[in-house]
Amino acid sequence: MRIFLLSCCFFIVLSCGSDQPVIHPETAYSIIPQPVSILPGSGFFEIDHNTIVVGAVELEAETAFITQLLDQASGYSIAHKMGTATETRNKIILSLDDTLTNPEGYMIDITSNGIEVIAKKPAGIMYAIQTLRQLLPPEGENKIIKGLKIPAVEIEDYPRYAYRGMHLDVSRHFFPVDFVKKYIDLLALHKMNIFHWHLTDDQGWRIEIKKYPKLTEVGGFRNGTVKGHRPYDGSDNQRYGGFYTQDEVRDVVTYAEKKHITIIPEIEMPGHASAAIAAYPYLSCFPEEPTIIPEDIISTGGKQLQAEGTPKIVQETWGVFDDVFCAGDDTTFEFLEDVLDEVIPLFPSEYIHIGGDECPKENWKRCPDCQKRMKEMGLTDEHELQSYFIQRIEKYLNTKGKKIIGWDEILEGGLAPNATVMSWRGEDGGIDAAKQSHQVIMTPTTYCYLDYYQFKADAGKSTAVGNYLPVQKVYEYNPFPEELTAEQAEYIQGAQANVWTEYMPTEEYVEYKVLPRMTALAEVVWVADSVKNWSSFKSRLERLSERYRVLGYNYAKVDPDGEEFIQEQPTENKSE
Ligand code: TNX
C-alpha cells in the first residue's frame, strides 16, 4: 500500500503538482460527502471479465455488495473470493487494518493494476465502496457500460461526527418495508449511519407487540385523515393504516446492519399516545372520556364508533393532544415495560428513543392517581412527574443494557441520569445538556426539519408545512454551537434530519422532501466545517442527482443557483 498523502483541502490537491492531469471535480472525482483527501493519479483501472474481488473473511457483506455493483455496471459476472489475494494485477482487494486510528475511516488506492481498499472496520470498507460507486458513471446503476473504467486516485477519508442520522415518521403516514429498505439504501449511499424509526404516535401504532395485539389491530388504523391545513378541510373518510410484523422488523434490521446502519426505534411516551390509548383505554388517566377530534373534521367512521360507545379512537388530525399515558397508575409502566421487552430483542442498537416531547400536563393535573404519585414521590409540579416517568423508564432500560434518547423536553423537571438529548427546539436544549455532561444529537428545526418546504414556490400548498428551509440553509449548518467550550462540544455526537410525514402522503413525496436536503446534511456531518464549499457542493450535487434519477428516486431538482424551484411537487393528496 502506498503512503497516502494527507490534504485538508480538495481544491489544493486538485490544482497542485504540475505533472497531475487537470481534473474537473464535477466529473471525475465528484463525491458527496467530500472525502478528506483526494490525490488524483494518472490513468485508470479497467474492469474486465478477469477482474477478481478478494475480501478479507470478515467482509462477506461488503464483498457481495461491491461485486453486485460491478456486475451490474460491467455486465460481467465478476469473480470474488474471501481470504488473501495472491493475484498480482486486475484485482480489487478489501482488507482490514487494525492499526488505522479512525473506527470509520478508510483508504482507497486505485492504479491501473487494481484497487486496494483498507479500513479499520467493516463499516469503513462499506463507506469506501460507496465512494468507489460514486467514481463510476451514474448510468452504471442500471445499464451495462462497455469498458468500465475507474480513474486512478488515492483517497483518505473519515467522518467528522459519529452520529449521522436520518429519521422517518411512519405513524402519520405509513411506509411499507420495501420503501424503508430503499430509504436505508439512500442513507448508505451518503454514509449516514443511523436510521431513527419513529414507530408510534397519535395517528398510528406501527410495530407488532405480541402481548398486546390490539396495538396494531386497533391502534394501527384510523378511520380518516384531515384534509389540508388547519383549520382543515374536513376528513377524507378513508380508513388508513398498516404496521410491521416482528419478522418484518427483523428483516429490516438485518438489511440495515449489512449496510452498517444502526436502527434506533422510537416508542413515544408519555405524550403522542392516542393510538396506544385507543387500543388499551386504561392507559389514559380518563378511559371513559372520548378522544377529542373536532366535529367538522372527525371521520364518519370515527364518529360512529364514539356514538356506539367506543370513546377512544385513533387520532385523525395533527398536533399535540392532552390524552397521554397516565403517570400515576402502575399498569402504565407494566404495559410499557412489556412493550419494551419485545422491542429490545428486535434492535441491536445500544439506544432506544423514548420520545418525551410535547406532553401536555392537563390530564395529570386533574388525575387523582397522578396527583397521588406526585405527593408520594415529593414532586413539586407536573414537569417533575414527567421527569419521574422518563427516569423510571430509563432505569428499566438500563437494567436491560440499553440507553435512552429523548427529545429535549426531557430536560424539564430534571434530566434522567444517563440520557442522550435530541435537541429539536433550536440548539438550547443540546447546549444545556452538553453543559450537564450529557450526550447530545443536534436536530434543530431551523436546519434539520425536512417537513419544512424547500422552495418558495411551494409556500402555501396544502402539502408544504411550516417554514422555509432551502437546501443551502441545511448546508450552512454547523452542529458545533459557539457557546460551548471544546470540551463541552465533545458531547455533541452529531446531527440528524427529521422527516415528519403529516404532509407527506406518498413515497414520492418523502423522496422529494429528503433529496437533496439530506445530501446537504450528509456533508455537514461528514466534513470539517472549514472544508465545506457551497459551489463545489452544487456542482457535485448535479452529478449525484443523475444517480438519483437512474436509481429511481424522486429528488427535487435544484438549479445551479441552488434555490429556484424547478420541479412540480408530486400529487398533493393521497386520496385525490
Ligand atoms: C413536532 S419534533 C413534533 C412532531 C411533529 C413535528 C412537525 C418533535 C419532537 N415533535 O410530533 O410531527 O413537530 O414539524
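**A guided tour of the predicted model**

Begin by selecting Pro-270, which sits in the loop between strand E14 (262–269) and helix H7 (274–279). The model in the viewer is a predicted one. Add Met-269 to the selection: the peptide bond that joins Met-269 and Pro-270 is cis, with omega about -10°.

Select Ile-32 and Pro-33 next. These two residues are also joined by a cis peptide bond, and omega is about -5° here. Pro-33 belongs to the loop between helix H1 (10–15) and strand E1 (37–46).

Proceed to Tyr-232, located in the loop between strand E12 (221–222) and strand E13 (240–241). Tyr-232 is a residue other than glycine with a positive phi, near 75°.

Now display the ligand together with the residues around it: Arg-172, His-272, Asp-357, Glu-358, Trp-407, Trp-424, Tyr-449, Asp-451, Trp-500 and Glu-502. Three of these side chains merit individual selection. In Arg-172, an N or O atom of the side chain is 2.8 Å from an oxygen atom of the ligand. In Asp-357, a polar side-chain atom is placed 2.9 Å from a nitrogen atom of the ligand. In Glu-358, a polar side-chain atom lies 3.3 Å from a ligand nitrogen atom. How much of the ligand does the protein bury? Taken alone, the ligand exposes 360 Å², and the protein buries 88% of that area.

Finally, turn to the surface and select Asp-428, Asp-432, Glu-482 and Glu-483, which form a negative patch. Within this patch, Glu-483 is found in the loop between helix H15 (471–476) and helix H16 (486–489).

Terms used: Residues are numbered from 1 along each chain as its sequence is written. This is a predicted model: local features need pLDDT of at least 70, side-chain atom pairs count only at pLDDT 80 or more; totals for chains, interfaces and linings use all residues. Side-chain values use heavy atoms; hydrogens and water are left out. Patches are made of residues with over 30% relative accessible area and no salt bridge: like charges are joined within 9 Å, nonpolar side chains (Val, Leu, Ile, Met, Phe, Trp, Tyr) within 5 Å. Accessible areas come from the Shrake-Rupley method with a 1.4 Å probe; for residues, only the protein chains shown count as cover. A salt bridge is a side-chain nitrogen of Lys or Arg within 4 Å of a carboxyl oxygen of Asp or Glu. Lys and Arg count as positive and Asp and Glu as negative; His and the chain ends are not counted. The place of a charge is taken as NZ of Lys, CZ of Arg, CG of Asp or CD of Glu. Helices (H or I, at least four residues) and strands (E, at least two) are DSSP runs, numbered from the N terminus. A residue is near a molecule or strand if one of its heavy atoms lies within 4 Å of it. A polar contact is a pair of N or O atoms within 3.5 Å; within protein, one must be able to donate a hydrogen and the other to accept it, and residues adjacent in sequence count only if both atoms are side-chain atoms.
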